[in-house]
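Welcome! Let us take a walk through this structure together, one stop at a time.

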Amino acid sequence: MAPAQGQLVFAPLGGVGEIGMNLAIYGLGDERRRSWLVVDVGVSFATEEHLPGIELMFPDIRYLVEERRNLAGIVLTHAHEDHFGALLDLWPQLKVPVYATPFTAALLKAKQLGEPGAPEIPVTVVQLGSRFQVGPFDIELVSVAHSIPESNALILRTPHGNVLHTGDWKIDPTPVLGLPTDETKLRALGNEGCLALIGDSTNAVRDGRSPSESDVAKTLAELIKAAPQRVAVTTFASNVARLRAVADAARAAGREVIVVGRAMDRVVQVARETGYLEGVQEFRGQDTYGYLPPDKVVALCTGSQGEPRAALARISRDDHPEVTFSPGDRVIFSSRPIPGNEKAISNVINGLIDQGIEVITDRTHLVHVSGHPRRAELEDMIGWVKPRTVIPVHGEALHLHEHAQLARRCGADVVLCRNGDLVQLAPGNPGIIDEVPVGRLYKDGALLVTAEGRTIADRGRLSFAGIVTVALAVNHNGELAANPEVDLVGIPEVSGQGEPMAEIAYQAVVQTFESLPRGRRRDPESVAEAVRGGVRAAIASRWNKKPMCHVQVLEV
Ligand SMILES: [Zn+2]
Ligand SMILES: [Zn+2]
């Protein structure tokens, strides 16, 4: 066989050293011309307080836009938001073919229909376990257990050797629905040879193995059966196995299931279309909730992350049009906080408890399991696949580091990389050879803005220290033609000495202007700069905070 030409490279553009926004690229060729395969295009929910008005963050794809003509396609491993949630927003800049399994494709379609103006993305539907070609990439899907139907690892077969991109996975021999992790195929890959494993690090800090989804189903059945009055269960809408477990538990307890929340409705519909709720009873609409006796109902609610507009938060504030709880009802959080959401979730839990509602979480009951591999599972995977090199992805620094240590103990080489590092996987020993541009995009209303832009930083400053706006009219003699207009927003009204801050700002404007030499007063930019400095200093001397200041100078 002729030696392979060029190189096989890999670069994460998101998801490494952070939560969410998973996007990886694989390249075949050399630096003059590479073909790229994109794996996943994920979103992250901005919970950081220094991003006022921003809810969603995306990986910055400027590099992919530059390389657009060399992009062979996008493969989605599964339909979690951190893997496919940025596609509707970013695809219009790429317009390359997308490959996904039936459930992922159907959920993407449902999402698109729910978002006015979202692009219609042509998706090539590929079957579970299938092998297909995307440009020069020979791809085989490997079914893996996770917390959503149809999670897939990818085997990439290249002239340089094989790579396993694990996606999100765990080992669960009894996953309630869907296929368990395909150990046979993974072992076969190990025998065939594997250059590199690019893998999920989320739970690399946790010892042992994750409990099974079936164990959770058992606990839910007991809790629902034993509940004296109404029961509500909140979980990630996309966890269809969990929805199924709740439905089965409800049926066993002689209760109807009511679906509350748009995201939950959407997933239920898609899961029915794709066969994942086959044999499960029909659910009832929210409008029937009020007519059912309390011991005959289970409400399946969105809002497990404390999202203020989701069903559960509204119920906890007693502000839902159809669904209310009473003292003695039981709410089960069949979920775990995504880091950053703890405060919002506490607010919801406290709101419920204040209403006399019993709240059950995974702190006391096995009502949730993670969909990610703990240490013993990571060891199994490395043992099956026997990769020469392991590249930890999907996690914060701590998780990547722990995954790296574990891989080394299992005898693999490790490349620890950051977003934007270009890793040469073959030929030769894998290592970082270059960097590609990366960053973050924020979704700001209907627009995408780059993290480096001023917009969000300005808004952050505004929220911290307010703004003073000043309008000055200066005549051709360099005198004020009228009293300056001064307006304060977000600044305390009076100083510690009881002086109105507006008056302090006004005096600073006049004094600063009059202290300027006449020649400078005719230069609007110079006036604006001096007045801005004077106003900010005057306010800061009382407040210890410098507001933004915007000065408009009119020549009359
Ligand atoms: Zn996932
Ligand atoms: Zn994920």
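Which residues are the protein donors of the zinc ion (ligand 2)? Keep in mind as you look that this is a predicted model. The zinc ion (ligand 2) is held by D82 (OD), H83 (NE2), D168 (OD) and H394 (NE2), which lie 2.0 to 2.2 Å from it. Follow the chain and you will find these donors with the spacing D-H-x84-D-x225-H. The angles that the four donor atoms subtend around the zinc ion (ligand 2) run from 86 to 157 degrees, so the arrangement is irregular. For four donors to count as tetrahedral, all angles would have to lie between 85 and 135 degrees.

This zinc ion has a neighbour to visit. The zinc ion (ligand 1) and the zinc ion (ligand 2) are 3.5 Å apart, and D168 coordinates both. The pair D82 and D168 links distant parts of the chain: D82 belongs to helix α2 (residues 81–84), while D168 is found in the loop between β12 (161–165) and α5 (183–192), 86 residues apart. Are these two residues buried or exposed? D82 is buried, with a relative accessible area of 17%, and D168 is buried as well, at 1%.

Now let us turn to charged side chains. The structure holds 29 salt bridges, and R62 is a good place to start. The side chain of R62 meets that of D60 in a salt bridge of 2.9 Å, N to O. R62 also forms a salt bridge with E452, where the closest N and O atoms are 3.4 Å apart. Because E452 lies in the loop between β24 (447–450) and α13 (455–465) and R62 in helix α1 (residues 62–66), this pair ties together parts that are 390 residues apart in sequence. The surroundings of these residues vary: D60 is buried, with a relative accessible area of 5%, R62 is partly exposed at 33%, and E452 is exposed at 53%.

Another salt bridge joins the side chains of E358 and R330, at 2.7 Å from N to O. E358 sits in strand β18 (residues 358–360) and R330 in strand β17 (residues 330–333), so the pair connects parts that are 28 residues apart in sequence. E358 is partly exposed, with a relative accessible area of 33%, whereas R330 counts as buried at 11%.

For a last stop, look for E140, R157, K185 and E192: salt bridges that share partners join these residues into one network.

Definitions and conventions: Residues numbered from 1 in each chain as written. Chains lettered and ligands numbered in written order. Predicted model: local features only at pLDDT ≥ 70, side-chain atom pairs only at ≥ 80, totals over all residues. Heavy atoms only, no water. Salt bridge = Lys/Arg side-chain N within 4 Å of Asp/Glu carboxyl O. Buried < 20%, exposed > 50% of the residue type's maximum accessible area, 1.4 Å probe, protein only. Helix = DSSP H or I, 4+ residues; strand = E, 2+ residues; numbered from the N terminus. Donors = N, O, S within 2.8 Å, 3.2 Å for Na, K, Ca; no water. Tetrahedral: all angles 85-135°; square planar, octahedral: opposite > 155°, others 65-115°.
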